[in-house]
Amino acid sequence: MTGETSGAGAPRINRDWPLWEVFIRSRGGLSHKHVGSVHASDGEMALRHARDTYTRRMEGVSLWIVKSADIVASDPEQAGELFEPAASKVYRHPTFYDIPDIVKHI
Amino acid sequence: MYTTEFDKSAKPLAAVPNESPELLNAFEARVAADEFIEPKDWMPEAYRKTLVRQISQHAHSEIVGMLPEGNWLTRAPSLRRKAVALAKVQDEAGHGLYLYCAAETLGTSREEMTEALLAGKAKYSTIFNYPTLTWADMGAIGWLVDGAAIMNQVPLQRTSYGPYARAMVRVCKEESFHQRQGFEIMMALANGTPEQKAMAQDALDRWWWPSLMMFGPPDDNSPNTAQSMRWRIKRDTNDDLRQKFVDITVPQAKYLGLTVPDPDLRWNEERGAYDFGVVDWDEFYAVVRGEGPVAKERLKARRDAWSEGAWVREAASVYEAKHSQQQAA
């Protein structure tokens, strides 16, 4: 990305650097969680930018950086069909089964 | 402030005629039920455009907002104050970045937004087009300007667009330090020599009214408020927030032993709130039009920063290209 000045006017801006998604492990024992994104020319720079942008106050102990374009996401319009089986299969939940109170530790 | 439409001529965006009424109704119902809208969800074009405008204005405000304080970084009166000021300015840069990313999820690019700002086409908060003349202005900005920003941003943590709301949660977490360090500067000056106290009073005199303007035009002159409130893009009206700000800030000024520069300011027992004078809206609209005292300097500083950083961006791109070539080979 270059930004040359075109005459006396505003500088011309070229193509954006790729977008990277940032994930932070807030402390040991927890999973990395998505916190936002940064633009950077490569992964190493993305890591540096993520550190400056998202961890100025002890927010984490580890960073993951993933190119946004590499993320495969489900389609919100398909969410009904995609996640419906979970709701219709109540027998997957322990409360589905009636066990007398007299039976302990189950 | 940031939820304010700075462009007086901007009309609420009309619905696009070919949008399906079923989708529109389902969207309105989700928003009314306080659900969050996420980037890939269907949304009316007017909602998308309003958000892009609002979030990008908010982002630009953070970025330009670094300049008035940047002006004092090298002249902070102690190492402690300098470290604090640096941390605060760095936070503002971070806030701008969170917000640009949130706007990008709506389909605009960083490039377009940067270009609009540098070309002078984008709006940002009017407050940053006032000069920072003395060190006391660092105190007044933290106390009043960041105070007004907090007032505005706290309700935005529940704004209907998910990425914007999440950015606001991060911003609000960090903003409280900004206000407190500003008030601490004001306390030090107010308890200092008579000259220092006069300096604090002078800063309050100059920043009070521009701070009230940050909440935007009065409700009866704010054409976008109704639609934005219905869509939960905005959660409170300009006048409500302004009143709230006056009510909490006046006692703070009293604590400092400083006088709020408003002869009409008095406590209204019946309303349980302060009555206050009329804001000079002509001045506000002049600043919105780009006639603020240092509007030109602000834009020039942004353009210079962009141009002077060009070689760094170029070098990084070339470095990346070279390394990916080597890896491919």
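This passage walks through the two chains of a predicted model, from overall build to individual charge pairs and backbone details.

The model is predicted, so local features are kept only at pLDDT of at least 70 and side-chain atom pairs only at pLDDT 80 or more, while totals for chains, interfaces and linings use all residues. Residues are numbered from 1 along each chain as its sequence is written, chains are lettered from A and ligands numbered from 1 in the order in which they are written, and side-chain values rest on heavy atoms, with hydrogens and water left out.

Chain B comes out with 13 helices and 2 strands; here helices (H or I, at least four residues) and strands (E, at least two) are DSSP runs, numbered from the N terminus. Its C-alpha atoms fit a box of roughly 70 × 55 × 35 Å along the principal axes. The radius of gyration, taken over C-alpha atoms, is compared with a globule rule of 2.2 Å times the number of residues to the power 0.38. For the 329 residues of chain B, that rule puts a compact globule near 20 Å, and the chain agrees at 21 Å. Of these 329 residues, 54% are buried, where buried means under 20% relative accessible area, exposed over 50%, and partly exposed in between (1.4 Å probe, protein chains only). Contacts (heavy atoms within 4.5 Å) lean on long sequence separations: among those in chain B with a separation of 6 or more, 80% come from residues 24 or more positions apart. The accessible surface of chain B is about 14,800 Å², with 56% of it belonging to carbon and sulfur atoms; areas come from the Shrake-Rupley method with a 1.4 Å probe, and for residues only the protein chains shown count as cover. On the charge side, chain B carries 39 positive and 46 negative side chains, and the centres of the two sets sit 3 Å apart. In that tally Lys and Arg are positive, Asp and Glu negative, and His and the chain ends are not counted; each charge is placed at NZ of Lys, CZ of Arg, CG of Asp or CD of Glu.

Chain A has 2 helices and 3 strands, arranged along the sequence as β-β-α-β-α. Buried residues make up 25% of its 106 residues. Of the contacts in chain A between residues at least 6 apart in sequence, 38% join residues at least 24 apart. The chain exposes about 7,500 Å², and carbon and sulfur atoms supply 57% of that.

Now for the charge pairs. Side chains of opposite charge can pair when their charged atoms come close. Counting a side-chain nitrogen of Lys or Arg within 4 Å of a carboxyl oxygen of Asp or Glu as a salt bridge, the structure holds 25 over all chains. One of them joins Arg56(A) to Asp91(B), at 2.8 Å from N to O. This pair crosses between chains, running from the loop between α1 (43-54) and β3 (62-67) of chain A, where Arg56(A) sits, to helix α4 (residues 79-104) of chain B, which holds Asp91(B). Both partners are buried.

Helix α4 of chain B also hosts an internal pair, with Lys88(B) and Glu92(B) 4 residues apart, about one turn of the helix. Their salt bridge spans 3.0 Å from N to O. Lys88(B) counts as buried because its relative accessibility is 2%, and Glu92(B) is likewise buried at 5%. Shared partners, meanwhile, tie Arg56(A), Arg57(A), Asp91(B) and Glu174(B) into one network of salt bridges.

A further bridge, between Arg230(B) and Glu28(B), has its closest N and O atoms 3.0 Å apart. It links distant parts of the chain: Arg230(B) lies in helix α9 (residues 225-230) and Glu28(B) in helix α1 (residues 21-32), 202 residues apart. Arg230(B) is partly exposed at 44%, and Glu28(B) is also partly exposed, at 21%.

Finally, some backbone details. His105(A), in the segment after α2 (79-88) of chain A, has a phi near 55°, positive in a residue other than glycine. With 86% relative accessibility, His105(A) is exposed. Its C-alpha atom is 44 Å from that of Gly36(A), 69 residues away along the chain. Gly36(A) belongs to strand β2 (residues 32-39) and is buried, with a relative accessible area of 11%. In chain B, Asp34(B) is not a glycine either, yet has a positive phi of about 65°; Asp34(B) sits in the loop between α1 and α2 (45-64).
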